[in-house]
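User: I'm new to this one. Can you walk me through it?
Analyst: Sure, here it is.

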Amino acid sequence: MKSKNRVAIIGGGLSGSECAALLLRMGIEVTLYEMRPKRFTEAHKTEYLSELVCSNSLKSNDRSSPQGLLKEEMRHLGSLIIESADANSLPAGESLSVDRILFSRYITERLTAHSNFRLIREEIGEIGEISKEYDALVIASGPLTTSGLLNSLKSFFPQENLLYFYDAISPIVSFDSIDMNYAFFGSRYNKGKDDYINCPLDKNVYDQLYNAILSAELYSPHIDEDLRFFEGCLPIEEIAMRGYKSLSFGPFKPVGFGFDKKDMPYAVVQLRRENRAGTLYSLVAFQTRMKYGSQERVLRLIPALKNCEIVRYGQMHRNIYLDSPSVLNRSLSLVSNNRVFVAGTLSGVEGYVEAAASGMLVALSVRSLLDNKEFEPPPDMTAMGLLYRYIVGDLKIGKHFAPTNINKGLFLHNGEKRYHERLAGDAIERFEEYSSAIKNSLLISA
Ligand SMILES: Cc1cc2nc3c(=O)[nH]c(=O)nc-3n(C[C@H](O)[C@H](O)[C@H](O)COP(=O)(O)OP(=O)(O)OC[C@H]3O[C@@H](n4cnc5c(N)ncnc54)[C@H](O)[C@@H]3O)c2cc1C
């Protein structure tokens, strides 16, 4: 009898876990190397697989939006990440938010219960040796990959193909410490039930808050380099620097709550529920690199948060990614070694769900390699197909390759002038056809 193929994955985050789950469904033996809890990244706090390091929101679940469409496509392929998110969701309007502990515990339990799955809690610093032991190796070590592993990776391509950007997380406060005399429950445009806490600000408080954000003390990187941020997730102070109204017309806009014009506050700061118990709330779009003392001063200017207990402070991190169009084949493996694959944010996608989606793409490609078949990616103008085309360099946006999440812009490479719901409907039809065909050809079990 033919022995089972063996694949190793480095990194048990969103992409590594999703990749493992799909490989297992294709009858492959998976060994997952995860360094936690022996060593933690600067952002991870638990030993669970697929830990969400910042927001507990997986963004929109509305299948007519690009983010909702991506989730729907992943459901068609049987995504473990989305299954867990659906099973552990919290009320959050039209977005898919989860209890982060239940979410990652579910994934950990599902994977570790599988007889073909082996979890080794070990940091990997050298990929040369490990890649020889397995039929294929997937590097899914994420934006906070350890320096040892990065050095080893660098031997596979020129140094200038290793890129970086900076990213920050938002503070979380305890519900008990929020003064609800100055806040109210409710979602913008009534999307969902009372899933958010909203803190109205008058112009005077907004001015104080805005000025405090601008004058806050900020952490700077220890190395001398440009601070490049991901545009889709800018720290609050970076947004503020773009102008006085950048917050009141941006994340703090007071619209959608049904206020009469005369009662309309100048701005509204929102908090999103963090756990099922409803004991924790995170500040929406408040990712920051302010020093802790400044964060306390700034948050306490918001009347409802004047006595708030910050249970997790905002922090900035350096994120690593590869210049994938230069270093990856169309099979998502390294040009210099076609049995070493790269998944997740390291390959230039941004976002929890996007990272997981790329884990699925890599799993399909690994199976194709092991079957001596050419990898057949999802079709163009589907969410997964567009992410794939972006990673391999078919879609170019801007001068340099930079990480992308799934967004409306990716759908406009084909002559479409605007994104509209019809595109999502067509994409789902196309994806259903693809997913039935690929399940048959690669023998993916339910
Ligand atoms: C600070 C920060 C905040 C973010 N906030 C958000 C957000 O709010 N929303 C969002 O959608 N996206 C966010 N992202 C972006 C991205 O979606 C997440 O980082 C996501 O978890 C990436 O998935 P991944 O699988 O690529 O990496 P990860 O989920 O980070 O998984 C990588 C895993 O590899 C392990 N590892 C690393 N090096 C080694 C090694 N040498 N040996 C063994 N194991 C190793 C790590 O411990 C980790 O478990 C954030 C990123 C960062 C860094």
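Analyst: First a term: a polar contact is a pair of N or O atoms within 3.5 Å; within protein, one must be able to donate a hydrogen and the other to accept it, and residues adjacent in sequence count only if both atoms are side-chain atoms. This is a predicted model, where local features need pLDDT of at least 70, side-chain atom pairs count only at pLDDT 80 or more, and totals for chains, interfaces and linings use all residues. Residues are numbered from 1 along each chain as its sequence is written, and side-chain values use heavy atoms, without hydrogens and water.

User: Which oxygen or nitrogen atoms of Gly 13 lie by the ligand?
Analyst: A backbone N or O atom of Gly 13 lies 3.5 Å from a ligand oxygen. For Ser 15, a polar side-chain atom is 2.7 Å from an oxygen of the ligand. Arg 36 has a side-chain N or O atom 2.8 Å from a ligand oxygen.

User: How much of the ligand does the protein bury?
Analyst: The protein buries 97% of the 970 Å² that the ligand exposes when taken alone (Shrake-Rupley method, 1.4 Å probe).

User: What about the domains?
Analyst: The assignment, automatic or from a database, gives domain 1 (6–164 + 320–441) and domain 2 (171–313). Their C-alpha centres lie 30 Å apart.

User: How many residues are in contact?
Analyst: 24 residues of domain 1 are in contact with 16 of domain 2; contact means heavy atoms within 4.5 Å.
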